[in-house]
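Please look over the chain shown here before reading on. The notes are brief and sorted by topic.

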Amino acid sequence: EIVGYTLEELQPISGKTFTTLCHPEDLLLAGKKIQAHLRGHEESYSCELRMRHKAGHWVWILDSGHVTQRDDNGMPLIVMGACQDITARRRTEEAFRQESERFMELARVSNTGVWEWDKTTDTLWCSPEYFSMLGLDPKDYVQEGSITLHNAWIDLLHPDDIDPARKGFADYLAAEPLHMYETEFRMRHANGNWVWIWSRGNILRDASGKSTNKMLGTHIDVTSLKEALAQLRESQQRMQRISDN
């Protein structure tokens, strides 16, 4: 019924029935996994694969089984198993994967550094752009647990911005407000220059609206904007002096 047939329509049912309905790309993987179990290399058999529905489309199946009886030589005699329709789950996973790829591509083309902080472990996940806008190599931070709030943020802050930035972040976390966290500070570039960063973020909440231990945010390089504003102010001041004179 999962693939739109009755048992009578598929008679006589044999191993060929499975190979006929299974997607060609998945058949080889399923064969390797079930043979590994039959030979005793794996405790059980489990494989996600596609089977063609009677209507012509593909249905995702979780196929699993276990040898329930072997002969004196260890050869399998009886295998029992089950097939479960997981099409809805796979579609959800695929939609999430596409959305994630779209999100990461947006971060790349906009040169936006994305970060997620886990309060429990005090670790950061950062997109490659988070480091590249500072001239740093993301590969230097790939080890699990190696990215922390200190080595990827505080240690890179301008000395004059460390205390205000830390206090602002701590105050935001303590208040757990609904509005967005937003601040500006300078971070050290690999070439020794200082990069102005516009940082925004928000505490992630569960389905009930309760705060979690994670916070998601972005870093945007606004150095050119800061420089343009400084030049504008200088120009305005120069014009004002000329006007006063």
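The points below cover cores, strands, backbone geometry and salt bridges.

This is a predicted model. Its largest nonpolar core has 27 residues. Eleven salt bridges are present in the structure.

**Nonpolar cores**

- Within the largest core, L124, Y130, W153, F169, M187 and M215 touch the most other members.
- Six elements each supply at least two residues of this core: β4 (112-118), β5 (123-126), α5 (128-132), α6 (159-175), β6 (181-188) and β7 (194-205).
- Helix α6 gives the largest share, four residues.
- M187 has many contacts beyond its neighbours within four places in sequence, among them Y130, L134, W153, L156 and L157. Its contacts also include N193, W194, V195, I197 and H219.
- A second core, separate from the largest one, has ten residues, including V3, A30, Y45 and C47.
- As background, nonpolar side chains tend to be buried together in soluble globular proteins.

**The β2-β3 hairpin and a surface patch**

- Strands β2 (residues 58-70) and β3 (residues 76-85) run antiparallel and are joined by nine bridges.
- R70 has P76 of β3 as its bridge partner.
- Five residues lie between the two strands of this hairpin, and G74 has a positive phi near 85°.
- L77 belongs to strand β3. Together with I78 and M80, L77 makes a nonpolar patch on the surface, with about 300 Å² of accessible area in total.

**L204 in strand β7**

- L204 sits in strand β7.
- L204 is partly exposed, because its relative accessibility is 29%, between the 20% limit for buried and the 50% limit for exposed.
- L204 and L216 are twelve residues apart along the chain, and their C-alpha atoms are 6.7 Å apart.
- Outside its neighbours within four places in sequence, L204 contacts E116, K210, S211, T212, K214, M215 and L216.

**Unusual backbone geometry**

- Most residues other than glycine have a negative phi, and most peptide bonds are trans.
- The peptide bond between Q11 and P12 is cis, with omega about -5°. P12 lies in the loop between α1 (7-10) and α2 (15-21).
- D122 is not a glycine, yet its phi is positive, about 55°. D122 is in the loop between β4 and β5, and is partly exposed at 29% relative accessibility.
- E176 is not a glycine either, and has a positive phi of about 50°. E176 falls in the loop between α6 and β6, and is partly exposed at 43% relative accessibility.

**Salt bridges**

- E93 and R89 pair with their closest N and O atoms 3.0 Å apart. These two residues are about one helical turn apart, because they are four residues apart in helix α4 (residues 87-109).
- Both ends of that pair are partly exposed: E93 has a relative accessible area of 38%, and R89 has 35%.
- A network of salt bridges links E48, R89, R90 and E93.
- R97 and E94 form another salt bridge, with the closest N and O atoms 2.4 Å apart. Both lie in helix α4, three residues apart, about one turn of the helix.
- R97 is partly exposed with a relative accessible area of 36%, and E94 is partly exposed at 31%.
- E184 and K226 meet in a salt bridge at 2.7 Å, N to O. E184 is in strand β6 and K226 in helix α7 (residues 223-244), so the pair ties together parts 42 residues apart in sequence.
- E184 is partly exposed at 40% relative accessible area, and K226 is partly exposed at 27%.

Technical notes
Residues numbered from 1 in each chain as written. Predicted model: local features only at pLDDT ≥ 70, side-chain atom pairs only at ≥ 80, totals over all residues. Heavy atoms only, no water. Pairing = 2+ DSSP bridges. Patch = residues over 30% accessible without salt bridge, like charges linked within 9 Å, V, L, I, M, F, W, Y side chains within 5 Å. Areas by Shrake-Rupley, 256 points an atom, 1.4 Å probe, with all protein chains shown as cover. Salt bridge = Lys/Arg side-chain N within 4 Å of Asp/Glu carboxyl O. Core = buried A, V, L, I, M, F, W, Y, C linked by side-chain atoms within 4.5 Å. Buried < 20%, exposed > 50% of the residue type's maximum accessible area, 1.4 Å probe, protein only. Contact = heavy atoms within 4.5 Å.
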